[in-house]
Amino acid sequence: MTFLFLDTLKKGYSTNILHVKIIKLNAIDSTNTYLKQLNKEVLLEDEVVVCAKHQRAGRGQRTAMWYSKVGESLTFSVFKRVYSLPADQQFLLVMLTALAVKDVLNSLEVPAVAIKWPNDILSRSKKLCGVLIENTLQQAAITTCISGIGLNVNQTGFDNLPMATSMRISTGKKFDVEAVFHAVANEVLNRLRSIPETDFQVIKQEYEAALFRKNKVSTFQRPCGTHFNGIITGIAASGALLVEHENGAMEQFQMKEIKLLY
Ligand SMILES: O=C(O)CCCC[C@@H]1SC[C@@H]2NC(=O)N[C@@H]21
């Protein structure tokens, strides 16, 4: 069954044409790495989007790699100059990107979309999108942001990744990959453009409302391997995850300090 994508788009995304420079590549190591390098070599415009059919060395969080099948999924990066964002508000960029992806997926009726802290997008508890944010800083301010997005669109096979899914698996419908690209890139840019008027607290509340397993008892693993039960209550201003222990004590975690088991 083919999804009538543009009809749905009209509901919430009437202008899905990107008025920015789009660089389309057949093959590259990583769209994030490409943009980082380009940003060093030339004076980039305010907004540039790079999309690759195939990433030879797609990068994920920590030291993970990101794989996707040519033509079935999206791998792209959005470059945006940022003006006057204090370095201690870096997490705003993570939240804005994750919320942009979530909003588009909701508008396309992808079921049970949630954000798994810090920036995995899930549908029905399985991951269908990963985000890799890389910023440049000058003194204490962020000056450029690269939001790298890997979104599983029509892919149905994920070797040895039982917790991966795609828009197609989750909805049973096939999507127009190019239209999804335009919708997501557009929404990410819109969110990033709104930074000067953005209230961090408002976005934090929106992000927390979309958090996977918020206010539910969950099991976590520390880097040393020990497990404990706790409840995700939200995030700190730094972006650290706030977990309430069974005895009521609160603890904050940075990304490498905790793993949610589910
Ligand atoms: O979940 C993760 O670990 C993050 C995955 C991010 C993958 C995207 S694909 C486009 C961009 N280029 C990269 O090398 N990585 C990001």
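Colleague: Let's start with the enclosed space. Which residues line the largest cavity?
Modeller: Bear in mind that this is a predicted model. By class, the lining of the largest cavity has two nonpolar, four polar and one charged residues. Their names are Lys-53, His-54, Gln-55, Trp-66, Tyr-67, Ser-68 and Thr-75.

Colleague: Which strand gives the most to the lining of the largest cavity?
Modeller: Look at Lys-53, His-54 and Gln-55, which are among the lining residues. Now compare them with the strand that covers residues 47-55. With three residues, the biggest contributor to this lining is strand E2.

Colleague: What amount of space lies in the largest cavity?
Modeller: A search of the whole structure, with a cut-off of 30 Å³ or more, turns up one cavity. The space in the largest cavity is about 30 Å³.

Colleague: On to the open spaces! Which residues lie nearest the centre of the largest pocket?
Modeller: The largest pocket holds about 1,300 Å³ of space. Its lining is made of 47 residues. Nearest the centre are Ala-64, Trp-66, Asp-120, Lys-127 and Leu-161.

Colleague: Which helix gives two or more residues to the lining of the largest pocket?
Modeller: Start from the pocket itself, with about 1,300 Å³ of space. Strands E3, E6, E7 and E12 each give two or more residues to its lining. The helix that also does so, spanning 31-41, is H2.

Colleague: How many residues in the lining of the largest pocket are charged?
Modeller: Both domain 1 (10-209) and domain 2 (217-261) supply at least three residues to this lining. Sorted by class, the lining has 23 nonpolar and 16 polar residues. The number of charged ones is eight.

Colleague: Which residues are closest to the centre of the second largest pocket?
Modeller: About 480 Å³ of space lies in the second largest pocket. Of the 20 residues that line this pocket, the closest to its centre are Gln-61, Val-94, Pro-118, Ile-133 and Met-255.

Colleague: Which element gives the most to the lining of the second largest pocket?
Modeller: Helix H3 (91-107) is one of the elements that supply at least two residues here. The top contributor gives five residues. That element is strand E6.

Colleague: Which residue does a cis peptide bond join to Trp-117?
Modeller: Find the loop between strand E4 (113-116) and strand E5 (120-123), where the partner of Trp-117 sits. The omega angle of the bond is about 0°. The partner is Pro-118.

Colleague: Now for the ligand. Which residues are closest to the ligand?
Modeller: The ligand is surrounded by 20 residues. The closest of them are Ser-30, Gln-55, Arg-59, Gln-61 and Lys-127.

Colleague: What percentage of the ligand's accessible area does the protein cover?
Modeller: Three side chains give us a feel for the contacts: Ser-30 places an N or O atom 2.7 Å from an oxygen atom of the ligand, and Gln-55 has a polar atom 2.8 Å from a ligand nitrogen atom. Lys-127 has a side-chain N or O atom 2.6 Å from an oxygen atom of the ligand. On its own, the ligand has 410 Å² of accessible area, and the protein's share of cover is 98%.

Colleague: Which residue in the loop between E2 and E3 has a positive phi although it is not a glycine?
Modeller: A positive phi also turns up at Gln-139, near 50°, in the loop between E6 and E7. In the loop between E2 and E3, phi is about 50° at Arg-62.

Note on methods:
Residues numbered from 1 in each chain as written. Predicted model: local features only at pLDDT ≥ 70, side-chain atom pairs only at ≥ 80, totals over all residues. Heavy atoms only, no water. 1 Å grid on protein atoms, 1.4 Å probe; cavity = no way out; pocket = protein on both sides within 12 Å on 5 of 7 lines; lining within 4 Å. Points joined across faces, edges and corners; volume = space filled by probe spheres on them. Helix = DSSP H or I, 4+ residues; strand = E, 2+ residues; numbered from the N terminus. Nonpolar A, V, L, I, M, F, W, Y, C, P; charged D, E, K, R; others polar. Domains from an automatic or database assignment. Near = heavy atom within 4 Å. Polar contact = N/O pair within 3.5 Å; in protein donor to acceptor, adjacent residues only side chain to side chain. Areas by Shrake-Rupley, 256 points an atom, 1.4 Å probe, with all protein chains shown as cover.
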